[in-house]
Amino acid sequence: MADSKPVRLTETVKSGGCASKLSPAVLDAVLSKLPKQSDPNVLVGFDHADDAGVYQIGPGMALVQTVDFFTPMVDDPYTFGQIAATNALSDVYAMGGRPITALAHVCFPAKGDIAVLEQILAGGLSKMMEAGCTVIGGHSVRDEETKFGYSVTGLIDPSRILANAGAQAGDRLLFTKSLGTGVISTAIKKGAARHEWIDAAVRSMTTLNKTAAEVVADHQKRAVALPPDRSSALPEATATNGGVHSMTDVTGFGLIAHAREMALASSVSLRIFAGQLPLLEGALDCIRAGHIPGGLIANREFAECIVGYDEGVSEEIKTILFDPQTAGGLLISVVSGEAAELSSALVKAGVPAVEIGEVAAQTKPLIQVKK
């Protein structure tokens with residue numbers, strides 16, 4: 001027994017992280033057939049594929065609710081728990097909310113090593129504590145494939161909701177993390193990822209979107225506090241929400257499919273600048289080596305029909321645009337005049353935000369990838 005080889009978590013599952021999720025085409029087909037619900041307290045439902053639901057519980061107060069769990073994309077159980085928690089919390093941050101409580105969801109083999117389960121739970125709890133979110137319970141089932149995550153409840157001011165809808169022509173698009181966790185996770189599963197690639201991907205996947213969301217919230221509050229002489233000179237939307245019109249996190253459906261949701265909900269088109277996309281070290285190497293997750297293929301089959309590419313955009317860049325991200329960054333649509341200020345504030349706070357595109361009046365193709 002002393003010479004037995006430790007189990008690699010990624011070897012026990014068919015696909016890891018957000019790449020294990022159902023195809024967006026399947027979800028789109030199913031959800032579109034469900035009956036409409038009528039509840040005036042539902043401020044944000046699943047109509048526009050938003051990151052979380054928002055339910056008003058009183059004047060000036062609403063709940064943000066989401067759930068997210070998946071299979072391992074790394075071999076270390078503690079790190080897997082951290083990533084799962086970071087990913088689940090992200091949906092609340094993406095709406096502009098503050099997470100307060102969480103329930104754990106555990107699927108684990110009946111004969112699995114209990115020490116592994118303990119480490120997964122401990123890793124998740126460490127990130128929940130970092131977020132100031134209290135884990136108050138959970139649910140577990142026997143499953144040959146390990147799966148872990150949380151349902152998270154947060155609070156939000158109904159006047160400060162940031163949804164997929166709201167982006168306006170002329171806005172700039174900021175993004176707060178680098179792309180590539182899906183292809184690197186696939187390389188990890190195949191034992192082909194370099195240590196430096198793994199380290200960079202893990203750092204990204206275990207970094208909460210908490211700071212980024214707080215900077216955005218501060219930016220909104222600052223605009224509200226502007227003196228009358230300056231506020232009156234700004235567009236109405238800018239004077240009330242700081243110019244941040246829309247926000248979403250980029251996770252399992254990849255950058256293009258999440259951008260598609262923003263564009264459709266806002267009745268606009270988006271332009272993505274290929275040369276400005278932030279990429280994780282090793283991401284393009286993984287694509288060239290053929291480490292393509294099934295989720296990426298599904299994302300591309302679903303969403304590429306609404307994308308146009310400038311001549312000269314490489315196949316590697318086209319591919320990374322559909323890479324399923326685990327605990328990915330925030331995609332922020334902000335009024336042009338506020339973009340530089342918000343970007344600077346994010347970078348100053350340690351968030352590596354970059355401008356990756358712009359919003360235009362709705363046209364075809366819905367999303368244009370510029371060289």
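In what order do the six strands of the open sheet with mixed pairing stand? In this predicted model, the order is β1-β2-β3-β6-β4-β5. The edges are occupied by β1 (42-44) and β5 (134-142); each has a single partner strand, so one side of each is left without a neighbour in the sheet. From one strand to the next, the twist averages 25°.

**Strand β6 and its surroundings**

Strand β6 comprises residues 147-156, and 10 of the 10 are buried, so the strand is largely enclosed by the rest of the structure. In a regular strand the side chains alternate between the two faces of the sheet. In β6, Lys147, Gly149, Ser151, Thr153 and Leu155 point one way, while Phe148, Tyr150, Val152, Gly154 and Ile156 point the other way, and all are buried.

The strand is joined to β3 (residues 61-70) by nine bridges in the antiparallel sense. Valine 67 has serine 151 of β6 as its bridge partner, and leucine 63 is partnered by leucine 155 of β6. Strand β4 (residues 98-108) is also antiparallel to β6, with nine bridges between them; here alanine 102 is matched with valine 152 of β6.

Two helices accompany these strands. Helix α2 (residues 77-94) lies across β3, β4 and β6 and runs at about 145° to β3. Helix α3 (residues 114-131) packs on the sheet and touches β4, β5 and β6, its direction making about 20° with that of β6.

**Strand β9 and its partners**

Of the six residues of strand β9 (residues 268-273), five are buried, so this strand is largely enclosed by the rest of the structure. Its pairing with β12 (residues 354-361) is antiparallel and extends over five bridges, with serine 269 opposite alanine 360 of β12. With β13 (residues 367-370), β9 runs parallel, and four bridges join the two; phenylalanine 273 has lysine 370 of β13 as its bridge partner.

**Salt bridges**

Side chains of opposite charge can pair when their charged atoms come close. The whole structure contains 11 salt bridges, including those tabulated here.

| Salt bridge | Closest N to O distance |
|---|---|
| Arginine 172 and glutamate 355 | 3.5 Å |
| Arginine 271 and glutamate 358 | 2.8 Å |
| Glutamate 316 and arginine 288 | 3.4 Å |

Arginine 271 belongs to strand β9 and glutamate 358 to strand β12, so their pair ties together parts that are 87 residues apart in sequence. Arginine 271 is partly exposed, with a relative accessible area of 34%, whereas glutamate 358 counts as buried at 17% relative accessibility, because buried means under 20% relative accessible area.

Which parts of the chain does the pair of arginine 172 and glutamate 355 link? Arginine 172 lies in strand β7 (residues 172-175) and glutamate 355 in strand β12, 183 residues apart. Both are partly exposed, with relative accessible areas of 22% for arginine 172 and 31% for glutamate 355.

The pair of glutamate 316 and arginine 288 connects helix α12 (residues 315-320) with helix α10 (residues 283-288), 28 residues apart. Glutamate 316 is partly exposed at 23% relative accessibility, and arginine 288 is exposed at 53%. Salt bridges that share partners join Arg172, Arg271, Glu355 and Glu358 into one network.

**Nonpolar surface patch**

Leu22, Val26, Leu27, Val30, Leu31, Leu34 and Phe46 form a nonpolar patch on the surface, with about 580 Å² of accessible area together. Phenylalanine 46 is situated in the loop between β1 and β2 (53-58) and is partly exposed, with a relative accessible area of 39%.

Definitions and conventions: Residues numbered from 1 in each chain as written. Predicted model: local features only at pLDDT ≥ 70, side-chain atom pairs only at ≥ 80, totals over all residues. Heavy atoms only, no water. Buried < 20%, exposed > 50% of the residue type's maximum accessible area, 1.4 Å probe, protein only. Pairing = 2+ DSSP bridges. Axes fitted to C-alpha atoms, helices over the stretch in contact; angles between N-to-C directions. Contact = heavy atoms within 4.5 Å. Patch = residues over 30% accessible without salt bridge, like charges linked within 9 Å, V, L, I, M, F, W, Y side chains within 5 Å. Areas by Shrake-Rupley, 256 points an atom, 1.4 Å probe, with all protein chains shown as cover. Salt bridge = Lys/Arg side-chain N within 4 Å of Asp/Glu carboxyl O.
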